[in-house]
Amino acid sequence: MSDKLLVVGEVRDNEIRNVSFEAIAAAKQIDSEAEIVGVLCGDNDLTSAGNDLITYGADSVITVTHDNLKTYTSEGYGQALLEVIDELSPKGIVMGHTAIGKDLTPKIASRLSAGLISDVVAIEKEGDENVFIRPIYSGKAFEKKTFEDDFIFVTVRPNNIAVLEKDDSRSGEVRTKDVDIKDLRTIVKDVVRKAADGVDLAEANVIVAGGRGVKSADGFKPLYELADVLGGAVGASRGACDADYCDYALQIGQTGKVVTPDLYIAVGISGAIQHLAGMSNSKVIVAINKDAESNIFNVADYGIVGDLFEIIPLLIEEIKKVKE
Ligand code: FAD
């Protein structure tokens with residue numbers, strides 16, 4: 001085993017996803033002396049994205065480009081990654097706990113006969129040992145886990161591990177590795193995007209989420225405006241999605257997305273346990289609800305009791321004033 005830690009980065013629309021930088025920071029926490037090697041897969045030149053990984057702490061980057069890596073498939077990315085692992089024999093792998101990370105890492109772990117600790121939100125040291133902390137029971141408790149053997153394989157939940165400071169003076173090799181990605185049993189023909197443009201919900205620092213209390217698709221418009229002035233994204237409860245006020249891509253909760261933004265504003269959401277499962281680990285929670293007895297206030301750091309249709313415009317106005 002080498003002294004290398006492999007960080008699997010993700011590129012979307014030619015931009016590195018922020019969680020890739022967080023994965024580098026996690027790798028540094030695991031072993032500050034290790035050589036951090038980033039790996040990126042795609043179908044076009046990834047040199048610029050590779051250099052971004054270097055400025056955020058990677059020592060070198062391997063890019064694997066192939067027509068069959070245009071869109072993610074576990075077979076294609078799996079072949080690429082296994083070849084890189086075969087070449088480097090890293091002592092560990094770190095990746096974001098994203099849709100791709102969740103799908104790919106168990107398959108790689110199984111091929112390597114390695115353990116995998118997924119959805120890590122923090123790393124602690126006990127002596128020389130790394131202890132990985134992850135939420136369980138829909139975020140109601142945390143468990144601490146370690147690896148039985150020396151090989152470390154973790155996915156990190158977006159927005160939980162602070163990225164290292166960007167350092168443009170850092171340099172490192174970004175090289176392309178030729179891998180023949182072949183014999184894919186599934187081919188992605190086309191990707192039809194459902195979610196609206198804007199800030200990615202999973203990585204947003206601020207989320208304004210609407211519930212059934214918002215009452216209509218039109219009622220969501222002020223929430224979009226509030227999210228916009230705060231540089232955030234809009235999310236929703238399942239109640240709002242079921243009522244067709246917004247797309248299911250926005251659903252947060254047990255059967256939706258799990259998010260941990262710095263600020264979560266729950267608007268007209270009652271705080272059902274299934275909703276809390278997706279947002280209760282947010283750093284600061286603000287709840288706006290006309291019912292003072294609503295369960296959402298039990299997890300909120302700040303609560304505003306009142307009519308959302310009066311409160312949201314006032315908030316937008318005040319935030320705009322502060323920003324001027
Ligand atoms: P409601 O419970 O109807 O709450 C609406 C709130 O709006 C109320 O508290 C009300 O006081 C307030 N309100 C109304 N008008 C105003 C106003 N003018 N101003 C201010 N406040 C107002 N839910 C999820 O969210 N995510 C999930 O992933 C999810 N998964 C589920 C999985 C399963 C297996 C099951 C059984 C359920 C799941 N649910 C999930 C559904 C969940 O149980 C709740 O039904 C849902 O979260 C309720 O949505 P809501 O809070 O928007 O609606």
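**Sheet pairing, ligand surroundings and selected residues**

Strand 4 (residues 35-42) and strand 5 (residues 60-65) run parallel and are joined by six bridges. Within this pair, G42 stands opposite T65 of strand 5. The model is predicted.

Both strands belong to an open sheet of seven strands. Its order is 7-11-6-1-4-5-12, and the pairing is parallel. Strand 7 (117-120) and strand 12 (174-176) stand at the edges. Each of these two has a single partner strand, so one side of each lacks a neighbour in the sheet. From one strand to the next, the twist averages 25°. In general, strands of a sheet pair through backbone hydrogen bonds, in either a parallel or an antiparallel manner.

Helix 4 lies across two strands of this sheet, strand 6 (92-96) and strand 11 (152-156). The helix runs at about 160° to strand 6. Helix 4 spans residues 99-112 and includes R111. R111 is exposed, with a relative accessible area of 63%. This value is over the 50% cut-off, which is why R111 counts as exposed. The C-alpha atoms of R111 and T71 are separated by 22 Å. Along the chain, R111 and T71 are 40 residues apart.

A second parallel pair is formed by strand 15 (residues 263-267) and strand 16. Five bridges join these two strands. V267 stands opposite I288 in strand 16. Strand 16 covers residues 284-289. Five of its six residues are buried, so strand 16 is largely enclosed by the rest of the structure.

The ligand has 27 residues around it. Those that come nearest are R212, S237, T255, S270 and N289. N289 is also within the range of strand 16. A polar side-chain atom of N289 lies 2.7 Å from an oxygen atom of the ligand. For Q251, a polar side-chain atom lies 2.8 Å from an oxygen atom of the ligand. G256 contributes through its backbone: a polar atom there is 3.4 Å from a ligand oxygen atom. Taken alone, the ligand exposes 990 Å², and the protein buries 77% of that area.

Two further residues are buried, one in a strand and one in a loop. V131 lies in strand 9 (residues 129-136). Its relative accessible area is 2%, and V131 is therefore buried, the cut-off being under 20%. Leaving aside neighbours within four places in sequence, V131 is in contact with A122, I123, E124, E126, K144, K145 and T146. For one of these, T146, the C-alpha separation from V131 is 5.2 Å. V131 and T146 are 15 residues apart along the chain.

E203 lies in the loop between strand 12 and strand 13 (206-210). Strand 12 is one of the two edge strands of the seven-stranded sheet. At 17% relative accessibility, E203 counts as buried, because this figure is under 20%. The side chains of E203 and R17 are joined by a polar contact of 3.2 Å. With neighbours within four places in sequence left aside, E203 is in contact with R17, N18, V19, P158 and N159.

Key: Residues numbered from 1 in each chain as written. Predicted model: local features only at pLDDT ≥ 70, side-chain atom pairs only at ≥ 80, totals over all residues. Heavy atoms only, no water. Helix = DSSP H or I, 4+ residues; strand = E, 2+ residues; numbered from the N terminus. Buried < 20%, exposed > 50% of the residue type's maximum accessible area, 1.4 Å probe, protein only. Pairing = 2+ DSSP bridges. Axes fitted to C-alpha atoms, helices over the stretch in contact; angles between N-to-C directions. Contact = heavy atoms within 4.5 Å. Near = heavy atom within 4 Å. Polar contact = N/O pair within 3.5 Å; in protein donor to acceptor, adjacent residues only side chain to side chain. Areas by Shrake-Rupley, 256 points an atom, 1.4 Å probe, with all protein chains shown as cover.
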